[in-house]
Amino acid sequence: MLFALGINHKTAPVEVRERLAVNDVQLGEALDSLHSGVKIPEAAILSTCNRTEIYFRENGRDGEERVLDWLGGFHGIRRGELEHYLYRHHDNEAVLHALRVACGLDSMVLGEPQILGQMKSAYQQAHAAGTLGLSLERLFQHAFATAKDVRTSTAIGASAVSVAFAAVSLARQIFGDLKPLTALMIGAGETVELALRHLAGHGIGHVIVANRTVERAHTLGDRFGAEPIALTALPDYLHRADIVISSTAAPLPILGKGAVERAIRKRKHRPVFMVDIAVPRDIEPEVSELEDVYLYTVDDLHEVINENMASRQAAAEQAEQIVATRADEFMRWLRARDSVESIRQLRDQALAIRQESLARAESQLRAGRDPSEVMQQLAHTLTNKLMHAPCKTLNAAAHDGDADLFRAAHRLFLLPDADGALPPDHQ
C-alpha cells in the first residue's frame with residue numbers, strides 16, 4: 001500500500017508546522033530512522049514552511065501507525081497532540097495528493113511553482129539515502145511528468161499570484177529579456193529573496209543587494225551570485241539599476257524623488273522599473289511623476305494578483321481533471337505490478353507443492369512401489385494441497401456471509417452459477 005501522511009497550512013498553524021519541520025541536516029537521519037528503525041521499505045519526506053509530509057510504502061495498515069508513532073517520537077511530541085492536525089491518504093488518495101502537491105494545487109498560492117522544485121529535492125534526498133524503491137520512484141517521476149503536463153496544457157502558472165512573482169512578471173512585460181539587465185534589491189527579507197529566486201530563474205544579468213545589515217546582504221549575495229552593498233551606498237549604485245525592488249521595515253522612505261531623478265540623468269533617461277513592496281513605503285510616491293520611471297506599489301501588485309487569481313481558478317479546474325486522469329494511470333500501473341507479484345507468488349507456491357509431491361513419488365518408485373498406486377497417490381496429494389487454501393478460505397467466507405468472495409471465486413476459477421452459466425467474462 002502507498003501512504004501520504006502529514007500536515008500543511010490548511011490543517012495546522014505555523015507553531016505546529018515549525019515543530020514538525022525536518023531541515024536538511026535532519027533529513028538523512030530521519031529517512032534512515034524510518035527505513036532501518038521503523039522498517040519502512042520505501043519512504044520520502046517533503047518538508048517546507050507550509051507542509052511536512054511523509055510518502056511511504058508498506059504492506060499493511062499497521063505501518064501507518066508505526067510511522068505516526070515515529071513522527072511524534074522524532075520531534076518529541078506526544079501522538080495525541082498531532083492527530084488533530086494530520087491528514088492520512090492511502091493508495092489512490094495518496095497518489096492523487098502527491099500529484100496535486102507537485103502541480104501547486106494544494107499550495108497556499110494556487111499554482112505556485114516553488115513546490116515542484118522542493119518536491120524534486122525531497123526525491124533526490126530520498127534517492128541519496130537509499131529509501132526509494134520502485135513504487136515511490138515511479139510515483140515521484142509520475143508526479144513530475146504530471147506537473148509538466150499541467151504547466152504545458154493549462155494557464156495555471158501564467159499569471160502572477162504572489163507579490164514577488166507579480167513584480168518579476170511585470171518586469172518581464174516591460175523589458176522582455178532580463179539577461180542584459182541589472183536588478184537592485186533593497187532589503188534582504190523573505191519577499192526580496194523570493195523575488196531574487198524568480199529573477200535568477202529568468203536569467204537576470206546582474207543583481208545588487210543593499211541591506212542595512214551588510215552580513216545579510218553577503219548571505220544572499222553568496223547564494224545568488226549578487227553584489228552586496230550597504231544601504232548607505234545606494235546613491236552610488238542606483239543609476240546602474242534597470243529594476244529596483246524594495247522591501248524593508250524602515251519607518252521612512254529610503255529613496256526620494258531627488259535621488260531617483262539624479263540616477264535617471266546618469267542613465268541618460270533609460271527606463272527603470274521600480275517596485276515598492278514595503279509598508280510603510282520605501283520610495284516616495286512623487287517618484288512616479290518622473291518620466292522614464294515605472295513605479296508600482298504593493299497595492300498595484302495586489303490588483304494584478306486579484307485579476308490573475310480568477311484565470312488561475314479556471315486553469316485549476318482543467319488541472320484537476322488532468323491530475324485525476326494521471327492518478328488513475330498510476331493506479332493501473334500499481335495494480336498491474338501488484339498482480340504480477342501475486343501471480344508470481346501463486347506460481348512459486350504451486351511449484352513448491354509440485355516439487356515436494358514429485359520428490360515423494362520418485363522416492364516411492366525407487367522403493368519398488370506399484371507405479372499405478374504412486375501415480376494415484378501423486379494426483380490425490382497434488383489435488384488436496386492445491387485446493388486446501390482456497391477451500392478453507394471459502395468455508396470461512398460462507399461462515400461470515402462474504403458473498404463478494406464467492407463471486408470472485410466463480411470468476412477466478414470459471415465456476416458456473418446455480419443455472420450452469422459461466423461468468424460473463426468467459427461465456
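**Notes on the pockets, domains and salt bridges**

1. By class, the second largest pocket has a lining of 13 nonpolar, two polar and one charged residues. Keep in mind while reading that this is a predicted model. The space in this second largest pocket comes to about 570 Å³, and 16 residues line it, with Leu346, Ala389, Pro390, Leu412 and Phe413 nearest its centre.

2. Where does the lining of the second largest pocket come from? Helices H13 (298–366), H14 (371–400) and H15 (403–412) are the elements that give two or more residues to it. H14 supplies the largest share, seven residues.

3. Now for the largest pocket. Its volume is about 690 Å³, and its lining counts 25 residues, of which Cys49, Asn50, Gln114, Glu190 and Leu194 lie nearest the centre. Here the elements giving two or more residues are helix H6 (114–129), helix H8 (163–175) and helix H9 (190–201). H9 has the largest share with six residues. By class, the lining of the largest pocket splits into ten nonpolar, nine polar and six charged residues.

4. On the domains: the assignment splits the chain into domain 1 (2–159 + 311–335), domain 2 (163–291) and domain 3 (370–426). Note that domain 1 is given as two segments. The largest pocket takes at least three lining residues from each of domain 1 and domain 2. As for domain 2 and domain 3, their C-alpha centres are 77 Å apart.

5. A word on the annotation. An unreviewed UniProt entry puts the feature "domain: Glutamyl-tRNA reductase N-terminal" at residues 5–154. In the model, that span is 57% helix and 14% strand, and its end C-alpha atoms sit 28 Å apart.

6. The salt bridge count comes to 29. One of them pairs Glu53 with Arg51, with the closest N and O atoms 2.8 Å apart. Are these two partners buried or exposed? Glu53 has 0% relative accessibility, so Glu53 counts as buried. Arg51, at 2%, also falls under the 20% cut-off and therefore counts as buried.

7. Another salt bridge to look at joins the side chains of Glu320 and Arg100, at 2.8 Å from N to O. Glu320 belongs to helix H13 and Arg100 to helix H5 (residues 92–102), so this pair ties together parts that are 220 residues apart in sequence. Glu320 is partly exposed, at 30% relative accessibility.

8. Which residues do shared partners join into one network? Lys10, Arg51, Glu53, Arg100, Asp106 and Glu320 are linked this way by salt bridges. Both pairs from the two points above are thus in the picture: Glu53 and Arg51 as well as Glu320 and Arg100 are in that network.

9. Last, have a look at Arg270 and Asp242, whose side chains meet in a salt bridge of 3.4 Å, N to O. Both residues sit in loops: Arg270 between helix H12 (257–266) and strand S9 (272–276), Asp242 between helix H11 (234–237) and strand S8 (243–246). The pair links distant parts of the chain, 28 residues apart. Arg270 is partly exposed, with a relative accessible area of 44%, whereas Asp242 is buried at 8%.

Key
Residues are numbered from 1 along each chain as its sequence is written. This is a predicted model: local features need pLDDT of at least 70, side-chain atom pairs count only at pLDDT 80 or more; totals for chains, interfaces and linings use all residues. Side-chain values use heavy atoms; hydrogens and water are left out. UniProt positions are given in the numbering used here, feature names are shortened, and annotations may be inferred rather than shown by experiment. Helices (H or I, at least four residues) and strands (E, at least two) are DSSP runs, numbered from the N terminus. Domain bounds come from an automatic or database domain assignment. On a 1 Å grid over the protein atoms alone, a cavity is a set of points where a 1.4 Å probe fits but cannot get out, and a pocket is an open set with protein on both sides within 12 Å along at least five of seven lines; lining residues have an atom within 4 Å of a point. Grid points are joined across faces, edges and corners, and a volume is the space filled by probe spheres set on the points. Ala, Val, Leu, Ile, Met, Phe, Trp, Tyr, Cys and Pro count as nonpolar, Asp, Glu, Lys and Arg as charged, and the others, Gly among them, as polar. A salt bridge is a side-chain nitrogen of Lys or Arg within 4 Å of a carboxyl oxygen of Asp or Glu. Buried means under 20% relative accessible area, exposed over 50%, partly exposed in between (1.4 Å probe, protein chains only).
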